[in-house]
Amino acid sequence: MRLLARTTVNTLCALTLLGLAACGTDASPAEATGPFADMSGPEVANKALKTTKKAKSMKIAVDMKTADGPISAHFAMSTSGACTGTMSMGPAGSMEIRKTGDTLYTKFDEAMLREQSKGEPAADVDAAVDLLAGHWMKSKASDADNKDMLEFCDLGALLKDFETNDNAARKSGETTIDGRRALRLTEKDSEGTYTMLVATEGAPYVLKVDSKGGKEPMTMRLSDFDEPVVVKEPAAKDIVDPDKMAG
């Protein structure tokens, strides 16, 4: 079965955040009142990105429209490597990942198994679906075959891509998200409109990024910063051995 080789969460998030580091000089000045009153829009954006880069764990939810269909991913991950989450890719199906230490558990639905097995003999594909669909597979996270899949769980790489060279963000008023007060920052370029929400209470984390317009509009939410990532190992009865496949 071919490895999952689609757009990863890390790439999605990096592209979205880098949209808020666009070139330009139309930045909002510091304002006399309101949150971050002594800072300009770019200063707030860069402070938020720097703060978010320091997080040791977080939850990330990404919803994106692509030419191949919608992509939705929801993961909790830590810089220590703990990870749990799900991803769906429209007609291509869905998958679930749980990683703890050097142990990786993966589960695919039928559609994803068939998508990843394209080009293989029909009998082999059917055997894989019969054995694996809806069940967990266990492997070593360090196995070379798991490298691409584990990009979904690499918080360190994601945070590394949080560039802090914004010079065009504009303050666009206050709002709330999931009960938290936030400052809205916006930017526009030839590709579309970007909005970043920055927490105004507690640490100034990035709470949400929207990318509208362009070929692949997307929304990303970040939450549960520095909270423990609890990974529940599947029950032994729910784990299957892919080596048992016929053929």
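**A walk along strand β11 and its sheet**

Let's start with strand β11, residues 218-223, in this predicted model. One face of β11 is covered and carries Met218, Met220 and Leu222, while Thr219, Arg221 and Ser223 make up the uncovered face.

Now look to either side of β11. Strand β1 (residues 57-66) pairs with β11 in the antiparallel sense, over six bridges. Here Asp63 has Thr219 of β11 as its bridge partner, and Thr219 belongs to the uncovered face we just met. Strand β10 (residues 206-212) also pairs with β11 in the antiparallel sense, over four bridges. In this pairing, Arg221 of β11 stands opposite Lys208. The hairpin of β10 and β11 has five residues between the strands, and Gly213 takes a positive phi near 85° there.

Stepping back, where does β11 sit in the sheet as a whole? The open sheet has 12 strands, in the order β7-β8-β9-β10-β11-β1-β2-β3-β4-β5-β6-β12, and the pairing is mixed. Its edge strands are β7 (170-177) and β12 (239-240), each of which pairs on one side only.

Further along that order you will find β4 and β5. Strand β4 (residues 94-100) and strand β5 (residues 103-108) pair in the antiparallel sense over six bridges, with Lys99 opposite Leu104 in β5.

Finally, turn from the strands to helix α2, which covers residues 41-53. Its 13 residues reach 18 Å from the first C-alpha to the last, close to the 18 Å expected at 1.5 Å a residue. Buried residues in α2 include Val44, Ala45, Ala48 and Leu49, and among them are also Asn46, Thr51 and Thr52.

Definitions and conventions: Residues numbered from 1 in each chain as written. Predicted model: local features only at pLDDT ≥ 70, side-chain atom pairs only at ≥ 80, totals over all residues. Heavy atoms only, no water. Helix = DSSP H or I, 4+ residues; strand = E, 2+ residues; numbered from the N terminus. Expected span 1.5 Å × (residues − 1). Buried < 20%, exposed > 50% of the residue type's maximum accessible area, 1.4 Å probe, protein only. Pairing = 2+ DSSP bridges.
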